[in-house]
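This report introduces a structure to a reader who has not met it before. Please look over the sequence and the model shown here before reading on.

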Amino acid sequence: MAEDLVLDTAIRDWVLIPLSVVMVLIGILRYFVSKLMLSSQVPDPKIVKEGQVIVRARNLRAAANFIPPKSFRSRRVYFSNEENGLLFVPKGQAQNAQAQMFSDPNMAMDMMKKNLSMIIPQTLTFAWVNFFFSGFVAAKIPFPLTQRFRSMLQNGIDLSSVDVSYVSSRSWYFLNLFGLRGLFSLILGEENATDDTQRMMQMSGFGFGPSKSLGAEKDGLDIVQHEWALPKFEHRAEAVLKKLIR
Amino acid sequence: MVSKTEETQLNRLENQVDNGGGGAWDYLCLVRKLKVRRSEKVFKYGLSILNDPKKRSALGPEEWTLYEQVAIAAMDCQCLDVTKDCIKVLQKKFPESKRVGRLNGMLLEAKGSWAEAEKAYSSLLEDNSLDQVIHKRRVAMAKAQGNISKAIELLNKYLEIFMADHDAWRELADIYVSLQMYKQAAFCYEELILSQPTVPLYHLAYADVLYTLGGLENLQTAKKYYASTIDLTGGKNTRALFGICLCTSAIAQVSKGRNKEDKESPELQSLAATALEKDYKQRAADKLGLLTSALRSLKI
């Protein structure tokens with residue numbers, strides 16, 4: 001199976017390069033469209049406060065050994081107190097936050113807009129690639145692959161004797177999809193709307209309401225054992241000074 | 001906090017610009033990034049760039065940021081006409097902007113018309129109640145008017161929402177220390193240590209406050225924090241060395257009757273004294289006599 005297929009250079013001229021160019025152009029177009037459709041979202045004070053509480057609680061956990069034990073204990077009580085501790089969320093409320101997020105009209109609209117702006121161009125481009133650029137070998141991947149990848153990478157090619165390294169243009173499309181992110185951050189600066197992969201990761205982790213992280217922080221704080229690091233410092237200071245004086 | 005490398009870079013650029021070597025724009029960008037307060041230089045060099053139409057057009061969209069920066073520097077140097085001109089230009093370009101509204105509020109503050117400035121800020125806050133900078137400007141205004149209790153109240157309310165803002169904690173600690181409310185100041189410094197445990201300044205300030213509060217437990221804790229400052233600064237911090245000597249002698253005085261010797265660091269005081277003497281010998285040899293007599297009186 002190790003014969004080398006010679007691919008027409010016309011493929012490179014008329015398939016690979018135009019596909020990349022088209023994807024770059026579509027990305028730039030989406031960026032500008034997203035800028036036009038940008039609605040400034042007024043941040044909810046409760047959410048901001050919760051975010052800050054989490055940061056403060058995390059700091060407390062991380063640097064707990066640097067403050068005297070009494071201060072640490074009083075702060076811990078302040079955070080995880082049953083009645084009005086900052087991190088304490090009664091069971092009923094925990095579910096509410098998530099439902100609230102979905103029913104909040106502004107946020108739902110925003111999410112829909114962002115999702116649409118990502119899904120539609122992807123779908124269109126994918127359909128276009130399939131229609132025009134299927135049925136032939138487009139490129140050869142430089143490293144050998146197993147047979148498993150055949151169905152994924154060689155969709156239009158119905159010959160099972162062709163080496164799996166020869167792929168169709170669909171795989172070139174996916175390669176571009178994930179790879180052009182770096183190019184976009186060069187051209188458009190950071191924080192552009194074409195960051196699909198980031199958005200996809202955000203979507204998968206979306207069930208995470210703020211109250212869940214509060215609960216997690218509270219548990220973490222309860223676990224921390226306070227071991228005051230300061231007495232060690234006296235010894236270390238001695239050592240430092242001894243070295244300095246020598 | 002500005003790091004050492006950034007500070008040297010800033011000074012180098014400053015020297016370069018002062019001696020006519022160009023690079024004013026880089027200097028201004030660095031000042032803006034590090035948020036240092038060099039208003040006279042920013043004012044002088046920024047204004048020279050803005051008044052030269054060729055250089056101004058070379059900046060492109062950054063021109064407006066420069067206008068804002070020069071406006072604030074001009075207010076700091078009390079050149080209010082320049083400020084008014086800059087704000088006018090910005091307002092023409094961005095008529096409905098909140099940032100320009102904030103600059104207007106700051107101009108009213110600089111002129112001293114407190115009531116109008118307060119009105120301007122409240123109206124801006126109505127649109128966006130979570131604008132951190134405007135909250136801080138209100139606190140600054142209260143402080144400038146001398147109304148420290150109001151400043152404390154506003155700052156506490158701000159910190160209830162934005163409790164991870166360590167600059168605000170630092171400001172609150174300063175205010176408490178100026179009012180001699182040391183227990184509250186100690187709390188603020190603890191917050192600062194929690195958020196940035198490796199910055200020696202906070203340890204030092206906390207130790208100072210604890211030493212001022214007095215009482216055996218506080219003195220012992222203060223000694224530990226002076227020791228941690230010494231550790232974090234490699235022994236170079238003179239104040240911490242003095243702190244150790246003073247703490248040890250104060251502890252000895254307070255616990256004169258009870259024989260509770262903390263076995264941890266009997267040598268620490270003598271080591272600190274030796275380090276101090278060495279330091280003085282190197283840097284201020286004429287004051288060495290004063291130092292030795294002071295240390296001797298402490299040990300008694």
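The report covers the numbering, the annotated spans of one chain, the interface between two chains and a selection of salt bridges.

## Basis of the description

The model is predicted, with local features requiring pLDDT of at least 70 and side-chain atom pairs counted only at pLDDT 80 or more, whereas totals for chains, interfaces and linings use all residues. Residues are numbered from 1 along each chain as its sequence is written, chains are lettered from A and ligands numbered from 1 in the order in which they are written, and side-chain values use heavy atoms, with hydrogens and water left out.

## Annotated spans of chain A

According to an unreviewed UniProt entry, the feature "transmembrane region" falls at residues 14–33 and 119–143 of chain A. Such annotations may be inferred rather than shown by experiment. In the model, residues 14–33 of chain A are 100% helix and 0% strand, with end C-alpha atoms 28 Å apart. Residues 119–143 of chain A are 56% helix and 8% strand, and their end C-alpha atoms lie 31 Å apart. Helices (H or I, at least four residues) and strands (E, at least two) are DSSP runs, numbered from the N terminus.

## Interface between chains A and B

Chain A gives 34 residues to the contact and chain B gives 40 residues, contact meaning heavy atoms within 4.5 Å. The area buried between chain A and chain B is about 3400 Å², with carbon and sulfur atoms giving 67%; buried area is the accessible area (1.4 Å probe) that two parts lose on being put together, summed over both. On the side of chain A, Arg56(A), Glu234(A) and Leu241(A) lose the most area to chain B, together 19% of what that side buries.

Between chain A and chain B there are 4 salt bridges, each defined as a side-chain nitrogen of Lys or Arg within 4 Å of a carboxyl oxygen of Asp or Glu. The elements of chain A that give two or more residues to its side of the interface are α2 (45–62), α3 (69–80) and α10 (230–245). The largest share of that side, 13 residues, comes from α10(A).

## Salt bridges

A search of the whole structure finds 17 salt bridges over all chains. Side chains of opposite charge can pair when their charged atoms come close. The table lists some of the pairs.

| Pair | Closest N and O atoms |
|---|---|
| Glu191(B) and Arg56(A) | 2.5 Å |
| Glu191(B) and Arg75(A) | 2.8 Å |
| Asp18(B) and Lys41(B) | 3.3 Å |
| Arg170(B) and Asp167(B) | 3.8 Å |

Arg56(A), Arg75(A), Glu190(B) and Glu191(B) are linked in a network of salt bridges. Is Arg56(A) buried or exposed? Arg56(A) is buried, at a relative accessible area of 6%, and Glu191(B) is also buried, at 5%; buried means under 20% relative accessible area, exposed over 50% and partly exposed in between (1.4 Å probe, protein chains only). Arg56(A) lies in helix α2 of chain A, and among the residues that Arg56(A) touches are Tyr78(A), Phe79(A), Met163(B) and Trp169(B).

Two of the tabulated pairs lie within chain B. Asp18(B) is in helix α1 (residues 4–18) and Lys41(B) in helix α3 (residues 39–51) of chain B, so this pair ties together parts that are 23 residues apart in sequence. Asp18(B) is partly exposed at 34% relative accessibility, as is Lys41(B) at 23%. Arg170(B) and Asp167(B) are 3 residues apart in helix α11 (residues 166–178) of chain B, and therefore about one helical turn separates them.

Notes. Lists of a residue's contacts leave out its neighbours within four places in sequence.
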